[in-house]
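The exercises below ask for a careful reading of a model, each with a task and a solution that proceeds step by step. Please keep the sequence and the coordinates at hand while working through them.

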Amino acid sequence: MIRVVLPAHLRTLAHVAGEVQLEVEGPATQRSVLDALEARYPMLGGTIRDHVTGQRRPFVRFFACEQDLSHEPPDAPLPGPVATGAEPFLVVGAVAGG
Amino acid sequence: MSSVRVLVGTKKGAFVLSSDGKRKQWDISGPHFGGWEIYHVKGSPADPSRLYASQTSGWFGQLIQRSNDGGQTWEPAGNQFVYDGAPGTHQWYDGTPHPWEFKRVWHLEPSLTDPDTVYAGVEDAGLFRSTDGAKTWQELPGLRRHESGPGWHPGAGGMCLHTIVQDPGNPGRMYIAISAAGAFRTDDAGQTWRPINRGLRSQYIPDPTAEVGHCVHRIASHPLRPSVLFMQKHWDVMRTDDAGDSWQEVSGNLPTDFGFVIDVHAHEPETIYVVPIRSDSEHFPPDGKLRVYRSRTGGNEWAALTKGLPQSDCYVNVLRDAMAVDSLDSCGIYFGTTGGQVYASADAGDNWAPIVRDLPAVLSVEVQTLQ
């Protein structure tokens, strides 16, 4: 079980409160977690990563275990505590004005 | 009993303002999608309960929201806007080729006859259509592939397709406008397009009378005379009587012929409205006076409408999609400002009053006349 924490706007969009818990087939990677997330909540498609390229949107970051994973390859394994559900995978909206 | 529903898009959410036909007492609903930029909200002429909203964010991209109950509840619709085939390039600000990149939906134009068909004008400039109630979107690529496309360039606000006008008497005919490419017309339902910019003069481009490159801000028409179009250009108010084949300037005695909005009275096809704005850099009303100008002669002769509008120390802007008219017997006129006010006149502009004063900056205003 993977725990995902979404930013407030995306929690509102997906009608969820608190963490999202996902079952992920195979190794836990950014891609597999986001695939599972978008399969459960189709309205999140395109909000975290581009529909076509799959690239992370510029003002979205991925954190876990006190590390910034935003620049890790999408198929790199996530840290062990994320894969076991001990720590959440954080999707964060970058601090930016306006 | 007739009523009206004003659909307001702002920098931080959407609002629905409702009133009976007297348009004195208003019910305010919102914010919907608080915190998101709502570029445009518009209802289907074929089913007024069906609304579409463009919801966008620098963080989370583009969403489309759909309501089937007049804005009481909403559901996310499809948000995949993928250009058809290889996107190609347009000019960037520095004159170099720049790939077409989807950024946001500026304008949603529901079909006049089918609630499930809706057009989307997007940045970078392109026209998309959905025929399944906004679940899926397909580009009408003939516009972007026009031979002039590689030479189009963005205005200061981006290269956006912001205006879509359907011809109610000719289903194959549609007009669109792009900043800063100009106006285009299709006569075959979007398969092919031709620039319709003859008569426009823009001193800010190398060839002031070029076929494309003009910064058109808005086009409006009256449904009974769809071949007559009125245009607020970056500078100049223009009209055409031949579906865009030729344009004439009708700025007349306006205090400045810069502005963004333009609209037509619901029952008087020669009565038009603009809000003059100082430019090029100020983008606020001349002399701190917020004045709507009305021409009852289809242009050239303009009169200021000021009753109920601030006539001192007013420095707001009125953006291109932020004016609308209802179709009640006494035509109502509405506009929103970057200061968060939405003003209404229930008597064709003679008298004005704010519906709301303190919304986020208003990006768009539409109105539905409900029976």
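**Exercise 1. The contact between the chains**

How many residues does the contact take from chain B, and how many from chain A?

Solution. This is a predicted model, in which local features need pLDDT of at least 70, side-chain atom pairs count only at pLDDT 80 or more, and totals for chains, interfaces and linings use all residues. Residues are numbered from 1 along each chain as its sequence is written, while chains are lettered from A and ligands numbered from 1 in the order in which they are written. Two residues are in contact if their C-beta atoms, placed from the backbone, lie within 7 Å. On that criterion the contact takes 10 residues from chain B and 14 residues from chain A. The side of chain B that touches chain A divides into four nonpolar, six polar and no charged residues, where Ala, Val, Leu, Ile, Met, Phe, Trp, Tyr, Cys and Pro count as nonpolar, Asp, Glu, Lys and Arg as charged, and the others, Gly among them, as polar. As for confidence, the model scores ipTM 0.94 and pTM 0.97.

**Exercise 2. The fold of chain A**

Determine the order of elements in chain A, and then the arrangement of the sheet.

Solution. Helices (H or I, at least four residues) and strands (E, at least two) are DSSP runs, numbered from the N terminus. Chain A has three helices and five strands, which follow one another along the sequence as β-α-β-α-β-β-α-β. The radius of gyration of chain A, taken over C-alpha atoms, is 12 Å, close to the 13 Å that the globule rule (2.2 Å times the number of residues to the power 0.38) gives for 98 residues, so chain A is as compact as a globular protein of that length.

Next comes the sheet, in which two strands pair if DSSP finds at least two bridges between them. The five strands of chain A form an open sheet with mixed pairing, in the order β2-β1-β5-β3-β4. Its edge strands are β2 and β4 (67–68) of chain A, each of which pairs on one side only. Strands β1(A) and β2(A) run antiparallel and are joined by three bridges; in β2(A), A:Leu22 is the bridge partner of A:Ile2.

**Exercise 3. The buried side of a helix**

Why do the buried residues of α2(A) lie on the same side of the helix?

Solution. A residue is buried if 20 or more other C-beta atoms lie within 10 Å of its own, exposed if 12 or fewer, and partly exposed in between, with C-beta atoms placed from the backbone. In helix α2 (residues 30–40) of chain A, the residues A:Gln30, A:Val33, A:Leu34 and A:Leu37 are buried. They cover an arc of only 95° around the axis, counted from the directions from the helix axis to the C-beta atoms, which puts them on the same side of α2(A). These buried residues pack against β1 (2–5), β2 (20–22), β3 (60–64) and β5 (89–93) of chain A.

**Exercise 4. Two covered strands of chain B**

Describe the burial and pairing of β4(B) and β14(B).

Solution. In strand β4 (residues 37–43) of chain B, seven of the seven residues are buried, so β4(B) is largely enclosed by the rest of the structure. β4(B) pairs in the antiparallel sense with strand β5 (residues 51–57) of chain B over six bridges, and B:Val41 stands opposite B:Ala53 in β5(B). Strand β14 (residues 160–166) of chain B is mostly covered, with six of its seven residues buried. β14(B) and strand β15 (residues 174–179) of chain B are also antiparallel, paired over six bridges, and B:Ile164 stands opposite B:Ile176 in β15(B).
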